[in-house]
Each structure stands twice: as structure tokens, then as C-alpha cells.
Amino acid sequence: MTEPLLRIEDLYVRFRTDEGTIRAVNGVNLEIMPGEMFGLVGESGCGKSVTGLSILKLVPHPGRITRGKIWFRGENLLEKPESAMREIRGRHIAMIFQDPMSSLNPVFTVGHQITRVIRRHHHVSRREAWERAAGTLDDLGIPDPERVMRSYPYELSGGMQQRVMIAIALSCGAELLIADEPTTALDVTIQAQILELLNALRIRRGVSILMITHDLGVVAETCDRVAVLYAGRVVESGPTDAVLQAPAHPYTQGLLNALPRPSARRKSLQAIPGSVPGGIEEIPGCPFHPRCALADDLCRSKTPIMTPVDSSGAHLAACHLIGKSEG
Amino acid sequence: MAFVEARDLTKHFVIRRGWFARPTVVRALTGVNLEIERRETLGVVGESGCGKSTLGRCLIRLIEPTSGQVLFDGEDVLALHGEELRSLRRRMQIVFQNPFSSLNPRMTVRDIVAEPLKAHTNMRGSELTARVIELLRQVGLNESHLYRYPREFSGGQAQRIAVARALALNPDFIVLDEPTSALDVSVQATVVNLLEELQAELGLTYLFISHDLSVVQHISNRIAVMYLGEIVEMGNAEEIFHSPMHPYTQALLSATPMVDPETRRERIILEGSVPNPANPPSGCHFHTRCPAAMAFCADEKPPLREINGRLVACHLHE
Amino acid sequence: MQRWLGDIIRRNEARLLEYRRMGRAFRRDVLAVASLIVIIAFALGAIFAPWLTPYPEQGEGEPNLSEKFSPPSPEHPFGTDNLGRDVLARVLYGGRSSLSIGLMVVVIAVAIGTPLGALAGYFGGWVDELIMRVTDMFLAFPPLLLAIAIASALGNSFTNAMLAIAITWWPWYTRLVRAQTLSLREREFVAAARGMGVRTPTIIARHILPNVMTPVLVQATSDIGSAILTGAAMSFIGLGVRPPTADWGAMVSTGRVYFLGQPWFAAFPGLAIFLVTLAFNLLGDGIRDVADPQTRRSVQ
């Protein structure tokens with residue numbers, strides 16, 4: 001079996017605020033294989049973005065990583081000094097966000113911004129960097145790269161801006177791309193273009209992609225494996241088809257049942273009762289038990305651990321009901 | 001006669017960049033015709049800039065159409081003025097996408113929900129409060145929420161407040177402008193259910209605007225698909241979803257990510273992005289991105305014509 | 001009746017909680033609290049001056065020339081001036097004219113500027129053109145010159161000085177409120193109110209004005225400092241408050257002649273102007289941080 005490219009072990013992130021300490025991430029474990037598209041899915045406030053930012057040690061103030069290890073190429077990133085992290089960001093691990101416009105500097109041309117990133121990590125001349133940038137854009141299927149490079153960010157459409165962000169992310173040859181809701185702000189036809197592009201990159205360049213999204217449809221259509229996050233914990237993970245076609249955790253089941261489906265038109269949707277916890281008050285036992293119809297005393301007192309759901313051993317879920325008689 | 005009817009509805013926004021610059025005309029809506037029956041939900045889908053929000057706002061005259069006609073229960077909405085228009089507003093309401101921007105952050109829930117009642121009725125004091133409580137209960141909230149401010153609520157609860165406000169005057173017609181787009185899936189489900197229950201209970205007519213085809217097909221009886229200010233396909237929701245006829249509808253459906261493998265379609269990836277509505281392409285607006293475009297699509301605009309009980313504007317179906 | 005009473009209590013409870021929350025946030029802002037204390041100290045000093053100092057504002061009848069220019073001492077902590085008057089007493093009394101000029105100028109300017117700005121911003125079109133061109137005219141006039149013109153036309157007095165400054169001041173509020181209104185007008189809660197058939201005056205009163213009051217309050221607080229400064233400048237050049245009434249600007253004006261030999265005469269009123277102006281500016285910043293509901297979202 002190949003070594004994972006990235007392994008997150010027992011990650012905890014806390015935000016100290018005036019209202020109290022927010023437990024944003026509560027012991028996340030996950031592994032991303034080389035060349036894999038890995039989905040991290042959950043609703044707002046589940047800790048998926050914070051997990052993504054933790055990998056690059058970019059958790060914003062007042063957040064702090066309080067425990068855990070993040071292994072990348074045999075090294076624990078959490079023990080690395082800031083200077084070493086700057087080298088890793090962009091060079092080895094790159095990140096793109098929901099709103100490309102806020103990540104691009106409005107007063108410089110796109111070409112200027114891409115070449116600057118290239119020159120920060122590689123000792124090449126301005127011309128070489130420019131050619132390399134144009135090559136990357138061309139590689140991403142952007143028509144007329146020279147024109148795009150001479151444009152300012154606001155002159156480009158949202159989809160084109162996101163492509164430029166991907167080009168910047170990949171121009172230095174990063175092995176891992178963290179994509180935090182990369183298509184949420186885009187129209188569906190443009191979303192389809194970007195997803196297609198990310199998929200092609202993975203296949204052609206062998207880039208691993210951590211796809212952070214709230215959209216189960218996006219996960220279903222693009223990811224090899226997926227982890228479902230709830231209240232800062234992975235509650236279910238495994239091959240995408242297994243998790244989405246045969247969900248084992250009541251939360252995953254609830255999410256899937258809440259989706260409007262063409263097969264059940266005009267029938268009322270199944271909502272999950274209650275709302276996502278705020279992360280300040282500690283929930284004893286299973287974090288999902290207050291909203292779970294199947295919860296019993298065990299669920300209220302003991303936190304379930306990730307358990308294999310089927311014989312393959314790849315599909316895991318953190319629920320006390322697994323293994324008990326069905327029904 | 002239909003309950004709500006738009007005839008040749010057109011809205012051009014004129015944007016002036018300065019005293020000497022030539023004004024730009026953005027054609028947000030061009031010659032839209034539609035009918036909505038009583039107690040029906042008409043879904044409107046399309047990408048950003050297709051004019052779906054402009055359509056909704058023109059129908060209830062939140063913005064003035066440039067030309068065309070809107071008939072509401074037989075009454076010519078655009079011919080009304082002053083008090084006549086104001087009293088017609090009792091019967092048509094709107095719910096916006098983001099409750100945190102559609103609810104005044106400095107007003108309590110009671111004042112927010114009471115506002116339309118104060119504007120149109122003589123209800124005051126405890127009578128008013130009682131009616132507000134009744135409305136809150138109707139949307140699944142209660143009197144403990146009366147004196148809170150919008151920011152103290154989650155997105156789903158805040159959207160319920162907006163719905164309660166829309167219901168206050170017992171309207172017949174509600175424009176729902178992306179009412180669930182800012183919400184998480186599990187919360188979206190509760191709001192969609194609420195809207196459906198209220199419709200059944202109160203006999204409401206909806207115009208449901210969304211970019212999300214799966215929500216629209218779920219809630220709508222009929223669907224109108226818009227592209228660059230025009231309706232390109234309109235008909236029964238189920239039929240459109242299962243056998244889209246217009247190439248744009250087909251592309252839109254195939255691009256919508258689906259969880260179930262059986263509803264997934266072969267991806268049609270459209271080239272480029274939506275053209276600028278200030279300068280739309282000639283002929284069929286979609287020809288620049290259409291995988292099935294023919295030479296004369298650039299010259300001749302296809303009219304919206306009826307084919308098997310459905311309206312389609314495409315030269316392929318002639 | 002019972003229910004109606006409970007209604008009012010509960011409603012005020014919500015407001016009270018809101019204020020309490022603001023109070024807590026404000027108290028954490030050390031600079032703002034310190035500024036408020038400075039301002040309150042000056043205000044109390046001005047109001048209770050007769051009880052705080054044994055010396056009257058204008059000296060004891062005849063100028064006590066034998067005691068002129070005595071340096072700071074236990075008897076006269078800030079020394080005495082060229083006529084032998086106690087500088088501390090005059091700084092305390094001087095706060096009366098300075099603080100009331102600052103306050104009144106801003107109150108008048110806000111009262112004229114805010115409604116005009118709201119009308120211009122909400123209605124746009126020719127209403128906007130008319131109002132904004134008039135404000136442009138006022139803004140194009142050098143403020144001190146206009147004040148001098150008014151003072152010479154209406155006579156040199158405290159009230160006229162105040163009016164003169166206020167007249168040069170309101171256009172800034174018109175501009176501020178108009179800009180705020182323009183963006184508020186596009187907000188969805190205003191569209192929602194229009195869609196519900198709420199009448200225009202009600203929309204302006206309930207949705208526009210309450211939401212522009214925060215920036216106006218912040219601006220007004222900082223402006224009190226600047227208005228005091230302008231008032232001081234006017235009395236420095238001999239307009240406005242007339243001697244022998246105590247005024248910080250006038251004291252600096254007279255004292256500057258003796259500054260090399262007897263610095264306390266000009267320095268203490270100057271320090272008072274500096275402290276009060278600074279305090280109002282910092283207080284304005286503090287209010288801005290506290291009063292904006294957008295920056296303090298607390299999800300239940």
C-alpha cells in the first residue's frame with residue numbers, strides 16, 4: 001500500500017472568544033493519498049474550512065491548533081517554524097478559496113501576480129517565469145493566455161478568476177491543492193468547467209486535491225473518498241459511492257434525505273430536527289445525539305469511535321449503532 | 001384567465017458612467033410572457049444575470065418595467081398609482097435570499113413582522129402583538145422570539161421571520177427570490193417544507209426563483225428556464241427535468257451535480273461564460289455557447305413556440 | 001391592561017440587554033473610557049466651577065495687579081494671568097463656553113444636515129441635485145471667512161459665533177447621511193418595506209434614519225472636538241466670546257504674548273483644548289466600534 005501524501009492525526013482547533021471557547025475541530029483524523037480527490041463535506045460551522053487552513057497553519061486569530069499532528073512528506077507540519085511553512089505554502093501545498101476576487105490583488109495584472117509567485121519559489125528570470133505562467137494557463141485550457149495575463153482581476157469573469165487562482169496554485173508544482181468551496185460562488189455551468197479542470201489536473205499531473213464543500217452532489221461527482229464532518233469530528237468516511245449510497249451514520253443519512261430528489265417530487269423533504277451546535281457548550285457522548293432519532297443512553301454518555309461498516313474495512317463511521325442488529 | 005400574467009415584459013437598465021459617456025443599456029428582461037395559475041408554483045431557473053430576479057421584482061412592481069403588461073387577478077398592475085397600488089401590495093409579497101439583509105438589523109422581530117400590519121391596518125398594541133404571535137407560530141417560531149433582534153437567529157430561523165412578515169397581510173401571491181440559497185441543506189429542507197405546507201394551507205401562489213434546479217424541480221408545478229433575459233423553455237416541471245428540449249436546459253441539468261448515479265447525466269460542458277447582457281449575441285442569444293448551434297442561429301432569433309404542450313425557443317425544434 | 005404592561009416591560013428588556021451588551025463592549029475599550037472620564041471631568045469642572053475654586057471667573061472686582069503672573073503655587077495651581085486672575089479658575093469657567101459651543105454647533109449641524117442628506121439620498125434626481133449643489137456652495141466657502149462675515153454682519157457674540165460655525169458645518173453631515181442613505185436605499189430591507197406598501201416617510205423614519213444614526217453619532221462625537229477647536233480659533237482672533245468672559249481660545253490668544261516668560265498663562269488653556277479635542281476624537285472611535293451591530297454578531 002502506498003504511503004498517504006498527507007495524514008492528519010487527532011487535530012484539535014480552539015477559538016477563544018468573548019462568548020467562550022469555540023471547539024471548532026475536535027480530533028479530526030484523515031489521510032489523503034497521492035493523486036486522490038478527497039472530499040471533506042459538512043454544513044456551515046462543522047470545522048471543514050478550519051481543518052483546511054490548519055494544514056497550512058493559517059488558522060486565523062483567535063484560533064489555535066491545540067493538539068494533533070499533520071504529516072506531510074514524512075514531516076510533522078505543526079512542528080515546523082513559520083519560515084519553513086512559508087516555503088511549503090505555494091511550493092508544495094496550495095490553497096484556493098470560494099471568492100477568487102478577494103485572493104487576487106486588484107492593482108496588479110494577473111501575469112504579474114503569477115510570475116511573482118513563481119519567482120518567490122524558483123530562481124528563474126522574469127521572462128522564464130512569464131513563459132512558465134503562460135504555459136500553465138494554456139495547460140488549464142484558458143484561451144489566449146497572454147491576454148488573460150495582461151488583464152486585471154476585475155476584467156475577468158468569476159470562472160476565469162478561479163482558473164487563474166488554480167494556475168497560481170499549480171505554477172510552482174504543488175503536490176496538494178486544498179480547494180475550499182472553489183465553485184460555490186459560481187454558476188452551475190461554470191462550476192462544471194472548474195470541476196472538470198480540477199479532475200483533469202489530478203489525472204494529468206497527479207495532484208492530490210482536498211475538496212472542501214457543503215455540496216454532496218459535487219462530492220458524488222468528483223471525489224474518490226469522502227469524510228463527513230459534524231461538530232468538528234469526522235463521523236463517517238470511506239469511498240464516495242459507499243458513503244453516499246449506503247450511509248451508515250444517522251447524520252449522513254439525514255443530510256442525504258434532506259436533499260430534494262427528482263424521484264420524490266412534491267413529497268415533503270426530511271429535515272434534520274434541531275440545528276448545528278455552536279461549538280461552545282460541550283456535548284457529552286456522540287455530538288449528534290441531541291438531533292438523532294435513534295439516540296439511546298449509550299449515545300448520550302460515550303463518544304463513539306470510527307468503526308468499520310462493512311467487510312472491506314474502508315468505510316468507517318462513528319456510531320454506536322453499527323454492528324448492532326439492523327432496524 | 002390566469003391569476004398572474006406577464007405580457008411582453010421588458011426591463012432595460014440604463015447605466016450612466018458620466019455626463020459625457022454614452023449610457024449603457026443592460027437588457028435584463030426582454031419580452032417575457034408567462035401565466036401563473038392560482039395555487040400554482042412556477043419555478044424560474046437560470047444563471048446569474050439571466051433576469052430571473054428582475055422578472056420577480058417587475059411582477060410585483062418593486063422595479064418599474066420598461067414596457068409590457070402585468071395582470072394580477074385581472075387588474076393591470078402597471079396602470080395603478082398611489083393608494084390603489086399601495087392597497088394592491090397587500091396581496092403580493094416577496095421573500096429574499098438573505099434574511100440578514102432583508103430584515104432591518106435594528107428592529108425586533110415583533111416590529112419587523114408588525115410592519116406590514118401597521119402600514120395597512122388599524123391594528124395596534126396588544127391586538128397587533130397577538131397577530132404577530134399567531135404569525136410566528138404559523139412559521140414554527142413562538143412568542144419567546146418576539147423581542148429578539150434578527151442577528152440572534154440562525155439563517156433558517158431568520159428566513160422564517162421573513163416568511164412570517166410576508167404572510168402578515170394574507171397575500172395571494174408570493175415571489176420567493178432564492179429563499180433557500182443561503183441555507184445549509186438540512187435547513188433548506190425545513191424551509192422548503194414550510195413553504196409547501198403554507199401553500200397548501202393558505203392557497204398561495206408562488207413564483208419560486210432559484211439557480212438550483214433540484215430545489216426548483218422539487219417545489220414547482222411548472223418551470224421556466226431563462227437565459228440572458230429571455231425564457232428559453234417553459235413547461236411541466238417533471239417533463240422538463242426528465243426530457244429537457246432546449247440545449248441550454250440540457251446543459252444546465254447535466255451540469256447540476258447529482259448524488260444519485262441514476263439521475264446523473266452525461267456532462268455537457270459549455271464553453272465560456274454567460275455573455276454580457278449589455279451586449280447580447282445576435283440571433284439566438286445562446287448560439288455562442290450552444291453545442292448544437294447551426295449557422296443561421298446567429299442570424300435568426302427562434303420564437304418561443306409550443307411543442308408537445310411545452311414552450312421551447314430553439315431552431316432545433318421546428 | 002396587564003398584558004399591555006408586560007409587553008412594554010419585555011420590549012424594554014430587549015433594549016436594555018442590548019444596551020448592557022454595548023456597555024460591556026465599551027468598558028473593554030480603555031482609551032474610550034479614559035476619554036469619557038476626561039470629558040465628564042471637564043464638564044463637571046465647568047458646571048461646578050463656582051464651588052470648585054475660591055476665585056471668581058473674572059477676578060475679584062478690580063484687577064489684582066499685585067498678584068499678576070505668579071507662577072503655579074499651592075494657592076494658584078496654574079498660576080495667575082496678566083490681570084492677576086487665577087488661571088485654574090479661568091480654565092474651569094472657560095470650559096463652559098468651549099464645551100457648549102462644541103455641543104451646540106454639532107447639534108445644529110446634525111439637525112440641519114441629517115434630514116437634508118436623507119432626502120437627497122432617498123429621492124435622488126432633482127431633489128438630490130438641488131440639495132447637493134447648495135451644500136457644495138457652503139463647502140466651497142472658507143469656513144473661518146464665512147464665520148467672520150457672519151459675525152461682522154450679525155454682531156460679535158457667543159451665539160453668533162456658534163451659528164457661524166454651525167452653518168459651515170452642516171454640509172458634512174448632509175454628505176455623510178446622503179452617502180449612507182444611498183447604500184441603505186439599495187438594501188433589501190428597504191426594498192421589502194416598499195414591497196409591503198409602507199409609506200415613504202415611514203420608510204425614511206424607521207429604516208433609513210435609525211441606520212444612519214450610528215455613523216452620524218460617531219462623526220458628531222469627533223466633531224465636537226473640532227468644533228471646540230474652531231471656536232477657540234475664532235476667539236483667538238477676537239471673534240465670538242468677548243472678554244472678560246473666560247474662554248480657552250481667548251486665553252491662549254492673550255497668553256501667547258507672555259509665553260516665553262510666563263508659559264503657564266497660555267499653556268494650561270492650550271492643554272485643555274488639546275485634551276478635550278483628543279478625548280472627543282477617541283470617544284468617537286470607541287462608539288463606532290461598539291455601536292455597529294454588524295461587527296457584533298452573537299449567534300444564539
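Student: How many helices and strands does chain A have?

Tutor: In this predicted model, chain A has 12 helices and 12 strands. Chain B can be set beside it, with 10 helices and 12 strands.

Student: What does the radius of gyration say about chain A?

Tutor: The value is read against what a compact globule with that number of residues would have. For 327 residues that reference lies near 20 Å, and chain A has 21 Å, so the two agree. The C-alpha trace of chain A spans about 65 × 50 × 45 Å along its principal axes.

Student: How should the radius of gyration of chain B be read?

Tutor: The reasoning is repeated with 318 residues: a compact globule would be near 20 Å, and the 21 Å of chain B agrees with that. Its C-alpha atoms fill a box of roughly 70 × 55 × 40 Å, again taken along the principal axes.

Student: What share of the residues in chain A is buried?

Tutor: A residue is called buried when its relative accessible area is under 20%. Buried residues account for 54% of the 327 residues in chain A, and for 61% of the 318 residues in chain B. As to the accessible surface, chain A has about 14300 Å², with 50% belonging to carbon and sulfur atoms. Chain B exposes about 11900 Å², and carbon and sulfur atoms supply 48% of that area.

Student: Which share of the contacts in chain A joins residues at least 24 apart?

Tutor: One considers contacts between residues at least 6 apart in sequence; in chain A, 63% of them join residues at least 24 apart. In chain B, residues 24 or more positions apart likewise account for 63% of the contacts with a separation of 6 or more.

Student: How is burial read along one helix, such as H1 of chain A?

Tutor: One goes through the residues of the helix and asks which of them are covered. Helix H1(A), residues 48-55, is mostly covered, with 7 of its 8 residues buried. The buried residues are Lys48(A), Val50(A), Thr51(A), Gly52(A), Leu53(A), Ser54(A) and Ile55(A). Just after this helix, Lys57(A) adopts a positive phi of about 55°.

Student: How many residues does each chain give to the contact between chain B and chain A?

Tutor: Chain B contributes 41 residues and chain A contributes 37. Together the two chains bury about 3500 Å², of which 53% is on carbon and sulfur atoms. There are also 3 salt bridges between chain B and chain A. One salt bridge joins Glu221(A) to Arg267(B), whose closest N and O atoms are 2.6 Å apart.

Student: Is Ala158(B) buried or exposed?

Tutor: The relative accessibility decides the matter. Ala158(B) has 0%, and therefore counts as buried. This residue sits in helix H6 of chain B, residues 155-167. Leaving aside neighbours within four places in sequence, Ala158(B) is in contact with Pro99(B), Phe100(B), Leu103(B) and Phe153(B). Sequence distance and spatial distance can also be read together: Asn98(B) is 60 residues from Ala158(B) along the chain, while their C-alpha atoms are separated by 8.8 Å.

Student: Which residues does Ser98(C) touch, not counting residues up to four places away in sequence?

Tutor: Ser98(C) touches Ile228(C), Asp247(C) and Trp248(C) on that count. Ser98(C) belongs to helix H4 of chain C, residues 87-123, and counts as buried because its relative accessibility is 5%. Another pair may be read by distance: Ser98(C) and Arg206(C) are 108 residues apart in sequence and 34 Å apart in space, C-alpha to C-alpha.

Student: Where is Tyr93(C) found?

Tutor: Tyr93(C) is also found in helix H4 of chain C. At 8% relative accessibility, Tyr93(C) counts as buried. Tyr93(C) and Leu182(C) are 89 residues apart in sequence, with 43 Å between their C-alpha atoms.

Student: Which residues make the nonpolar surface patch of about 730 Å²?

Tutor: The patch is made by Leu36(C), Ile40(C), Leu44(C), Ile47(C), Phe48(C), Trp51(C) and Leu52(C). Helix H2 (30-47) and helix H3 (49-52) of chain C are the elements that give two or more residues to it. The largest share, 4 residues, comes from H2(C).

Student: How exposed is Leu36(C)?

Tutor: Leu36(C), in helix H2 of chain C, has a relative accessible area of 31% and is therefore partly exposed. Partly exposed covers the range between the cut-offs of 20% and 50%.

Note on methods: Residues numbered from 1 in each chain as written. Chains lettered and ligands numbered in written order. Predicted model: local features only at pLDDT ≥ 70, side-chain atom pairs only at ≥ 80, totals over all residues. Heavy atoms only, no water. Patch = residues over 30% accessible without salt bridge, like charges linked within 9 Å, V, L, I, M, F, W, Y side chains within 5 Å. Areas by Shrake-Rupley, 256 points an atom, 1.4 Å probe, with all protein chains shown as cover. Salt bridge = Lys/Arg side-chain N within 4 Å of Asp/Glu carboxyl O. Buried < 20%, exposed > 50% of the residue type's maximum accessible area, 1.4 Å probe, protein only. Rg over C-alpha atoms; globule rule 2.2 N^0.38 Å. Contact = heavy atoms within 4.5 Å. Buried area = accessible area lost by both parts, 1.4 Å probe.
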